Amino acid sequence: MTVPYLITAQKGPILELESRILKAMPKIEHWFRTQWQEHTPPFYGSVDLRNAGFKLAPVDMNLFPGGFNNLNREFHPLCVQAVQSALEKICPDARSLLLIPENHTRNTFYLQNVATLQSVLKMAGLNVRLGSISPEVTAPTTIELPSGDSLLLEPLRRDGNRVKVDGFNPCIVLLNNDLSAGVPDILQDIEQNLLPPPHAGWATRKKTNHFEAYDQVAADFAKLLDIDPWLINPYFDRCDGIDFQERKGEECLAAKVELLLDRIGEKYKQYGITDKPYVIIKANAGTYGMGVMSVKSPDEVIGLNRKQRNKMSVIKEGQEVHEVIVQEGVYTFENVNDAVAEPVVYMVDRFVVGGFYRVHTGRGVDENLNAPGMHFEPLSFVAPCSIPDCSGDPDCPPNRFYSYGVVARLALLAASIEIEQTAPLELATA
């Protein structure tokens, strides 16, 4: 079992941060309990983290996680318990659940995730069937997976204000489809519990909304630990009115990049960091690592070539990009077998249920790893990110992973606040 390690010496701010987190564990856990009394966690989520050796911060929060098959199977009981905890609050009488997957029925890696998620939900005591909204699925379709598992996809049907598949009328509908192309008519205004709520889909959700909520969460947490919030929080800005193909908005983008690089540079000076600041520019909505670029100078966004413009202009489901988040780039100095790696932490309800490393042999420490050519190390988390070793060093694996879990839960809390703040008026007042 490989445990990734930082290639830089373990000293300075990150070791100090981990030490503070460990010493403050009772205070932190109490603080989280009070927060979850005020806010409802999403049903599930995953957080991409970056550990730069001088800061540990989330760089993305996914509310429709698609990598359950990459988790250490030993931690599936944690998933089961967390699902049961969520059900007690959402629908204590729940016996059946309809899982709606993404439409890409030929992506066996994704479908293995669906099979794993379906298995976990069944182990939690639910009858689970898969209702597809893909136009390709017009009749019950069995898909055999390389692992030996199989999935039965059934066409989703509407009956009044409920959705169902043949002979199956569930009380909970769980989306594992991020609704990038919008909320389909068949899911509009249904009376069943629809999780996550449709407005959390990428057709309406904005990454900047999430990080605005995270700004406040990070500030409150930093005050609790008496630390600089920047150590757990990437700076960001946004730029609207972009048209990469028509080269519109380049000046706005260059100006935002320059301002952000200057802000990061000041922090680097404060902490004696000699690395060169960089920023990540990515579509303000969407996932799958599409529409992402890394730059170290504002000049790099002026006069993009055709290949770069094509890459940045369209994301999943062919959605055009017209607004971007300009986010502080956080180096990753962790690696697995000499390949650059970043931790991804998975949560169900308010609980950390495990994680894995996203690894890319062809990318650098200052690049986006969510790209073709990546692979995953599902066994790297030797601890479930929730139980520290109180007698161990701050940077021993259980304590490193506990720190990951703390920062990931901060992002989860921000997601719950984000969902509350962006809810349609009728939901917010219900």
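Buried means under 20% relative accessible area, exposed means over 50%, and partly exposed lies in between (1.4 Å probe, protein chains only). The model is predicted: local features need pLDDT of at least 70, side-chain atom pairs count only at pLDDT 80 or more, and totals for chains, interfaces and linings use all residues. Residues are numbered from 1 along each chain as its sequence is written, and side-chain values use heavy atoms, with hydrogens and water left out.

**Exercise 1. Place E258 on the surface and in the fold, then find its charged patch.**

Step 1. Take the accessibility. E258 has a relative accessible area of 44%, so E258 is partly exposed.

Step 2. Take the element. E258 sits in helix α6, residues 250-271. Helices (H or I, at least four residues) and strands (E, at least two) are DSSP runs, numbered from the N terminus.

Step 3. Apply the patch rule. Patch members have over 30% relative accessible area and no salt bridge, and like charges are joined within 9 Å. Asp and Glu count as negative. The place of a charge is CG for Asp and CD for Glu.

Result. E258, D262, D299 and E300 form a surface patch of negative charge.

**Exercise 2. Identify the backbone outliers and locate them.**

Step 1. Set the expectation. Most residues other than glycine have a negative phi, and most peptide bonds are trans.

Step 2. Check omega. From L195 to P196 the peptide bond is cis, with omega near -20°. P196 belongs to the loop between β11 (193-195) and α5 (207-225).

Step 3. Check phi at D189. The value is positive, near 55°, in a residue other than glycine. D189 belongs to the loop between β10 (172-176) and β11. D189 is exposed, at 66% relative accessible area.

Step 4. Check phi at D226. Here phi is near 60°, again positive in a residue other than glycine. The loop between α5 and β12 (236-239) holds D226. D226 is exposed, at 61% relative accessible area.

**Exercise 3. Count the salt bridges and analyse the pair R358 and D48.**

Step 1. Fix the criterion. A salt bridge is a side-chain nitrogen of Lys or Arg within 4 Å of a carboxyl oxygen of Asp or Glu.

Step 2. Count. The whole structure contains 21 salt bridges.

Step 3. Read the distance. In the salt bridge between R358 and D48, the closest N and O atoms are 3.2 Å apart.

Step 4. Map the pair. R358 is in strand β18 (residues 351-360) and D48 is in strand β2 (residues 44-51), so the salt bridge ties together parts 310 residues apart in sequence.

Step 5. Check burial. R358 is buried, at 8% relative accessibility. D48 is buried too, with a relative accessible area of 11%.

**Exercise 4. Treat D60 with K207, then R350 with D349, and name the salt-bridge network.**

Step 1. Start with D60 and K207. Their salt bridge has its closest N and O atoms 3.6 Å apart. D60 lies in strand β3 (residues 56-62) and K207 in helix α5, so the pair links parts 147 residues apart in sequence.

Step 2. Add burial. D60 is buried at 19% relative accessibility. K207 is buried at 6%.

Step 3. Turn to R350 and D349. The closest N and O atoms of this salt bridge are 3.4 Å apart. R350 is partly exposed at 30% relative accessible area, whereas D349 is buried at 3%.

Step 4. Follow shared partners. Salt bridges join D48, R50, E342 and R358 into one network.

Technical notes:
Patches are made of residues with over 30% relative accessible area and no salt bridge: like charges are joined within 9 Å, nonpolar side chains (Val, Leu, Ile, Met, Phe, Trp, Tyr) within 5 Å. Accessible areas come from the Shrake-Rupley method with a 1.4 Å probe; for residues, only the protein chains shown count as cover.
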